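Open the structure in your viewer and keep the selection tool ready. We will go from stop to stop, choosing something to highlight each time and saying what is there.

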Amino acid sequence: MSQHAPGPAAAPVLALRELTKRFGATIAVDRLSLDVPAGSMVGLLGPNGAGKTTTLSMATGLLRPDGGTALVEGFDVWADPPAAKARMGVLPDGVRMFDRLTGAELLRYHGLLRAMPEPEVERRSGELLAALGLASAASTLVIDYSAGMRKKIGLACALIHAPRLLVLDEPFEAVDPVSGETIREILRGFVASGGTVVLSSHVMELVESICDRVAIIAAGRLLASGTLDEVRQGQPLQRRFLDLVGTQSLATESLSWLRSS
Ligand SMILES: Nc1ncnc2c1ncn2[C@@H]1O[C@H](COP(=O)(O)OP(=O)(O)OP(=O)(O)O)[C@@H](O)[C@H]1O
């Protein structure tokens with residue numbers, strides 16, 4: 001056989017199969033399946049309430065699905081959580097941190113939880129705090145951090161054990177442009193060295209500029225997924241997103257009181 005013959009497609013790093021979650025009468029996520037190939041950066045897009053956070057929470061072991069499975073490098077997140085979780089770093093959205101710890105203490109906690117040797121935790125913590133512009137806030141309680149600083153310390157906690165897969169819910173939300181650029185650089189470097197990233201965002205330009213794949217969901221269903229070009233079909237991502245999700249125009253008389261003074 002030729003050395004250059006294409007081998008079988010590599011197994012996805014993250015495989016979601018028919019994930020489903022209901023909250024009472026609401027179907028937040030409806031039989032959602034998605035493959036995330038190794039070395040890709042996938043942007044998960046969808047309007048408010050589409051089911052992005054619910055999907056990522058089920059994929060990372062934070063929220064038990066009503067149906068379906070999530071596999072990380074073949075390990076079932078719900079049947080074998082230690083094996084699956086050892087391989088991923090997670091930045092959840094809206095989950096409370098241990099915010100009575102300082103930034104440095106929180107990082108140390110995450111490193112030790114991952115059974116890392118103490119000197120390595122110290123070394124990586126220092127580097128992460130410096131890279132993310134948090135060095136001067138290392139001894140400040142996380143409860144006193146701004147929203148953007150919380151995002152950054154959360155990202156540092158997700159990175160400290162050098163996982164194979166990063167799952168980041170709105171990693172750029174509330175982050176200033178300078179830190180945003182640093183985060184992009186960190187993520188690009190991570191992917192260039194073989195890591196895989198799944199991130200959710202509302203910002204199309206950001207997704208277009210750093211992601212090579214996108215998945216669009218609305219009302220809990222996957223509407224499109226694939227490479228940027230496959231999903232865009234020759235249109236700007238924003239246009240394609242609006243076409244898929246549907247726009248909502250204001251009725252003529254809507255909010256008329258706002259224009260009547
Ligand atoms: N704990 C909960 N209890 C009841 N309903 C919930 C709960 N969490 C989410 N939902 C509902 O599930 C649906 C999906 O919510 P989800 O937070 O996953 O959306 P999202 O795409 O992350 O939205 P956003 O972009 O606004 O953050 C929404 O209808 C929401 O109201």
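What follows is a short walk through a predicted model, one selection at a time.

**Stop 1: the two domains**

Start by colouring the domains. The domain assignment divides the protein into domain 1, made of 10-87 + 163-245, and domain 2, which covers 97-162. Give each a colour of its own and look at the spacing: their C-alpha centres are 24 Å apart. Where they touch, 12 residues come from domain 1 and 11 residues from domain 2.

Now select strand S7 (165-169) and helix H6 (177-192). These are the elements that supply two or more residues to the side of domain 1 that touches domain 2. Which of them gives the most to that side? Helix H6 does, with four residues. By residue type, this side of domain 1 has eight nonpolar, two polar and two charged residues.

**Stop 2: the four-stranded sheet**

Next, pick out the open sheet of four strands, whose order is S2-S1-S4-S5 and whose pairing is antiparallel. S2 and strand S5 (75-76) sit at the edges, each pairing on one side only. As a reminder while you look, strands of a sheet pair through backbone hydrogen bonds, either parallel or antiparallel.

Begin with strand S1 (14-23) and strand S2 (26-36): seven bridges hold this antiparallel pair. To see one of them, show Arg22 and its bridge partner in S2, Ile27. Between S1 and S2 the hairpin has two residues, and Gly24 there has a positive phi near 60 degrees.

Move across to the other neighbour of S1. Strand S4 (67-72) runs antiparallel to S1, and five bridges join the two. Thr20 is a good place to zoom in, with Gly67 as its bridge partner in S4. Then step from S4 to S5, an antiparallel pair with two bridges; here Leu71 stands opposite Asp76.

**Stop 3: the helix lying across it**

Keep the sheet on screen and add helix H1 (52-59). H1 lies across S1, S2 and S4, and its direction makes about 120 degrees with S1. Is this helix mostly covered or mostly open? It is mostly covered, as eight of its eight residues are buried. Click along the helix to find them: Lys52, Thr53, Thr54, Thr55, Leu56, Ser57, Met58 and Ala59. After H1 comes Gly61, which has a positive phi near 85 degrees.

**Stop 4: around the ligand**

Now show the ligand's surroundings. Select Phe23, Thr26, Ala28, Gly46, Asn48, Gly49, Ala50, Gly51, Lys52, Thr53 and Thr54, the residues around the ligand. Two elements you have already met, S2 and H1, each give two or more residues to this shell. H1 gives the most, with three residues. Colour the shell by type and you will find three nonpolar residues, seven polar and one charged.

**Stop 5: the six-stranded sheet**

Hide the ligand shell and turn to the other sheet on our route. Six strands make up this open sheet, in the order S6-S7-S8-S3-S9-S10, and the pairing is mixed. Its edge strands are strand S6 (88-91) and strand S10 (221-227), each pairing on one side only. On average, neighbouring strands of this sheet are turned by 15 degrees against each other, direction ignored.

For a parallel pair, select strand S3 (41-45) and strand S9 (213-218), which are joined by four bridges. Leu45 stands opposite Ile216 in S9. Then bring in helix H5 (147-159), which packs on the sheet and touches S6 and S7; the direction of H5 makes about 170 degrees with that of S6. Add helix H9 (237-245) as well: H9 lies across S3, S9 and S10, at about 30 degrees to S9.

**Stop 6: past the last helix on our route**

Finish by following the chain beyond H9, to Thr247, which lies in the segment after that helix. Why does Thr247 count as exposed? Because Thr247 has just 7 C-beta neighbours inside 10 Å, and a residue is exposed with 12 or fewer. For a last distance, draw a line from Thr247 to Thr60: they are 187 residues apart in sequence and 31 Å apart in space, C-alpha to C-alpha.

Note on methods. Residues numbered from 1 in each chain as written. Predicted model: local features only at pLDDT ≥ 70, side-chain atom pairs only at ≥ 80, totals over all residues. Buried ≥ 20, exposed ≤ 12 C-beta atoms within 10 Å, placed from the backbone. Domains from an automatic or database assignment. Contact = placed C-beta atoms within 7 Å. Nonpolar A, V, L, I, M, F, W, Y, C, P; charged D, E, K, R; others polar. Pairing = 2+ DSSP bridges. Near = placed C-beta within 6 Å. Axes fitted to C-alpha atoms, helices over the stretch in contact; angles between N-to-C directions.
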